[in-house]
Structures are given as structure tokens and as C-alpha cells.
Amino acid sequence: MMKDIFCLHGTAPEVEKSVLKFEGIPADLVGKKLLFATDAHFGGLMNDRRMGRIIDLMTSLKPDIILLGGDNADNFANEAAFCERHLSRLHAPMGVFCVPGNNDWEAVDGDYDKLRHMVKKAGATLLVNEYVTLPVDAGRLIISGIDDYKRGNPDKNSISHFRECEDFHILLSHSPSAIDDALEGENSGVRLVLCGHTHGGQLRIGKLSPYAIGFENTLNSRRKYFFVNGEHDVDGMKIIVSNGIGCSLLPVRIGVAPQINLFTLSGG
């Protein structure tokens, strides 16, 4: 399809549906639907009309929980508008949770109190080196959110101390840079890592993208694992790097369509 080859900022995202199987998952979580969306970059070509249609799409999927991976907008005015007019329309029975991206950090000048206020007013929860626990039958669902690796101050210790067999731990990170920290945390118990930031490469021919030729190399050169897109399994930990919704730097995608991820949890 043409959208797989060339698409503009604001093109409707594809919904990537998959079943994720985990051994020992709490029974109450089996069959639950998780929606993950990231990198809206609201503003400009991603205007209210287009963003509104994407929110309509997300709502129509009827997820049990919504997780957002950051980079909502690129300046304060657009960040505020995104929260007030779009984030506020997202609802899920188990909640809406998000982490900041590098552009969100820049939009509020690193003042997360401002961002937290806007997100809370919209009915969602911002996680910055923090976690929430949601009780489920015979266990807990733990959602950790780590700060952005490019502009923020990520604290890998914030994702530790949850290695109880009855826990199911999801790590939400804007950047795939968090993968190494999740794997190194012996007591993290992370089962699923959800990331964005890369836009799937945004300009990609096969495996060739800006990341393949050294884009952000200084940030990631010491990382053992840094995936640009797709689903991966490392040491029993599932890792999802979404293509995301929008664009940055250039208002176009080549070879990688915008994406929303919808996961159904299943026992192994």
C-alpha cells in the first residue's frame, strides 16, 4: 500500500493487533487489552481534526488500559491543547498512564509539575521514575514509568524491587534506551517493555534508517540493546518498540507507516 511507502504527518495510523503470551500471568489479566500509542507530535499538520480522528480510533478499540509513550507535542501551547482537547477524551477501565518524551520535557522546560497538572486534569497519570500497582486476582499489575533518556533524568532503581512471582510488571519508557536497564535490574521482574521515540526509523529502506547510520549514536553507543521497531524477546522479556503516530524533523514517513499497538494478554 502507498501508506507503507510514503505518508505525511497526520496520516491515520494502522492498528497493529497481537496476542502476547506470558507464563504465570495473573488470571485476571488474561484476555485484557492493552493499547499503546506514542509520539503524536500534536501541532502543525497533526491538527485537531486529525488528532481527533485518532482519538476516536483509539476509543473504538475499547482497551482495558491505555499506555502512552510520550512526545505528545513539541511546545507548551500544543502540549496544553493536546491534554485539554485530546488526552481528556481517553478513558479505560484500568486507567490511562503516560511517560514524558524528550519533546514533552522541552515543552515544559523540564518542569514536570506543569506537565503533571495538565495530565492529571485530563484524567490520566504521569509516571516519572514512578510506578503504580493495580491489584488483580492472585497478584498485582505493576506499571513503571521511567524518565526520558535524552533530556530527563532516568532512574533505573525506580524499576527494581518487584520480582515477586505473582506480579506482572510493565515498564513504560519513551526511549528504547531503557531496555538495558530493565535487563540489568536483577530484581525488576519486568515482563513487558513498551517504547517509542524512534518512529520506527521514520525514513526507512529495509533495515536502513537514520539510526542504522549513527543518528543519536552518542546517546546509544554504549547500549547493548537498542531496537528501532518491532517486537523482540530478550531473556524472556518482551520488548515492543512502536512506530508511533506522528513525525519529527521532517513531516513525512518513508517505508514505515504510523502505528497504534493493541495487545491482548494471554497465558503461556
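## Leu 68 and the nonpolar cores

Which residues does Leu 68 touch, not counting residues up to four places away in sequence? In this predicted model, Leu 68 touches Phe 36, Ala 37, Met 58, Leu 87 and Leu 90. Further along the chain, Leu 68 also touches Val 96, Phe 97, Cys 98, Val 99 and Leu 172.

Leu 68 belongs to the largest nonpolar core, which has 33 residues. Leu 68 is among the residues with the most contacts inside this core, together with Leu 35, Met 51, Met 58, Leu 87, Leu 90 and Val 119. Two or more residues of the core come from each of β3 (33–37), α2 (48–60), β4 (65–68), α3 (76–85), β5 (96–98), α5 (112–121) and β14 (259–267). A second, separate core holds 25 residues, including Leu 134, Phe 168, Leu 194 and Leu 265. In soluble globular proteins, nonpolar side chains tend to be buried together.

## Helix α3 and its packing

The buried residues of α3 are Glu 79, Ala 81, Phe 82 and Cys 83. These residues pack against α2, α4 (102–107) and α5. At the N-terminal end of α3, Asn 75 acts as a cap, with a side-chain oxygen 3.2 Å from the backbone nitrogen of Ala 77.

## A nonpolar patch on the surface

Phe 6, Leu 8 and Ile 254 make a nonpolar surface patch of about 260 Å². Leu 8 is part of strand β1 (residues 6–8). Because its relative accessibility is 44%, Leu 8 counts as partly exposed.

## Positive phi outside glycine

Most residues other than glycine have a negative phi. Asp 39 is not a glycine, yet it has a positive phi of about 60 degrees. Asp 39 is found in the loop between β3 and α2, and it is buried, with a relative accessible area of 0%.

Asn 129, also not a glycine, has a positive phi of about 55 degrees. Asn 129 lies in the loop between β6 (125–126) and β7 (130–136). At 22% relative accessibility, Asn 129 counts as partly exposed, whereas Asp 39 is buried.

## Salt bridges

How many salt bridges does the count come to? The count comes to 6. Side chains of opposite charge can pair when their charged atoms come close.

In one of these pairs, the side chains of Glu 130 and Arg 116 meet at 3.2 Å, N to O. Glu 130 lies in strand β7 and Arg 116 in helix α5, so this salt bridge ties together parts that are 14 residues apart in sequence. Glu 130 is partly exposed, with a relative accessible area of 29%, and Arg 116 is partly exposed at 29% relative accessibility.

Another salt bridge joins the side chains of Asp 167 and Arg 140, at 2.8 Å, N to O. Asp 167 lies in strand β9 (residues 167–172) and Arg 140 in strand β8 (residues 139–145), so the pair ties together parts that are 27 residues apart in sequence. Asp 167 is buried, with a relative accessible area of 4%, whereas Arg 140 counts as partly exposed at 31%. The side chains of Asp 233 and Lys 238 also meet in a salt bridge, at 3.6 Å, N to O. Lys 238 is buried, with a relative accessible area of 14%.

## Asp 181 in helix α6

Asp 181 lies in helix α6 (residues 178–184). Is Asp 181 buried or exposed? Asp 181 is buried, because its relative accessible area is 10% and buried means under 20%. Leaving aside neighbours within four places in sequence, Asp 181 is in contact with Tyr 149, Lys 156, Ile 159 and Arg 223.

## Gln 259 and the ends of the sequence it joins

Gln 259 has its place in strand β14, one of the elements that give two or more residues to the largest core. Gln 259 is buried, with a relative accessible area of 12%.

Although 247 residues apart in sequence, Gln 259 and Ala 12 are 8.4 Å apart in space, C-alpha to C-alpha. Not counting residues up to four places away in sequence, Gln 259 touches Pro 13, Glu 14 and Glu 16, as well as Ser 242, Asn 243, Gly 244 and Ile 245. With Ser 242 there is a polar contact between the two side chains, at 3.4 Å.

Terms used. Residues are numbered from 1 along each chain as its sequence is written. This is a predicted model: local features need pLDDT of at least 70, side-chain atom pairs count only at pLDDT 80 or more; totals for chains, interfaces and linings use all residues. Side-chain values use heavy atoms; hydrogens and water are left out. A nonpolar core is a set of buried Ala, Val, Leu, Ile, Met, Phe, Trp, Tyr and Cys residues joined through side-chain atoms within 4.5 Å. Buried means under 20% relative accessible area, exposed over 50%, partly exposed in between (1.4 Å probe, protein chains only). Helices (H or I, at least four residues) and strands (E, at least two) are DSSP runs, numbered from the N terminus. Contact means heavy atoms within 4.5 Å. Patches are made of residues with over 30% relative accessible area and no salt bridge: like charges are joined within 9 Å, nonpolar side chains (Val, Leu, Ile, Met, Phe, Trp, Tyr) within 5 Å. Accessible areas come from the Shrake-Rupley method with a 1.4 Å probe; for residues, only the protein chains shown count as cover. A salt bridge is a side-chain nitrogen of Lys or Arg within 4 Å of a carboxyl oxygen of Asp or Glu. A polar contact is a pair of N or O atoms within 3.5 Å; within protein, one must be able to donate a hydrogen and the other to accept it, and residues adjacent in sequence count only if both atoms are side-chain atoms.
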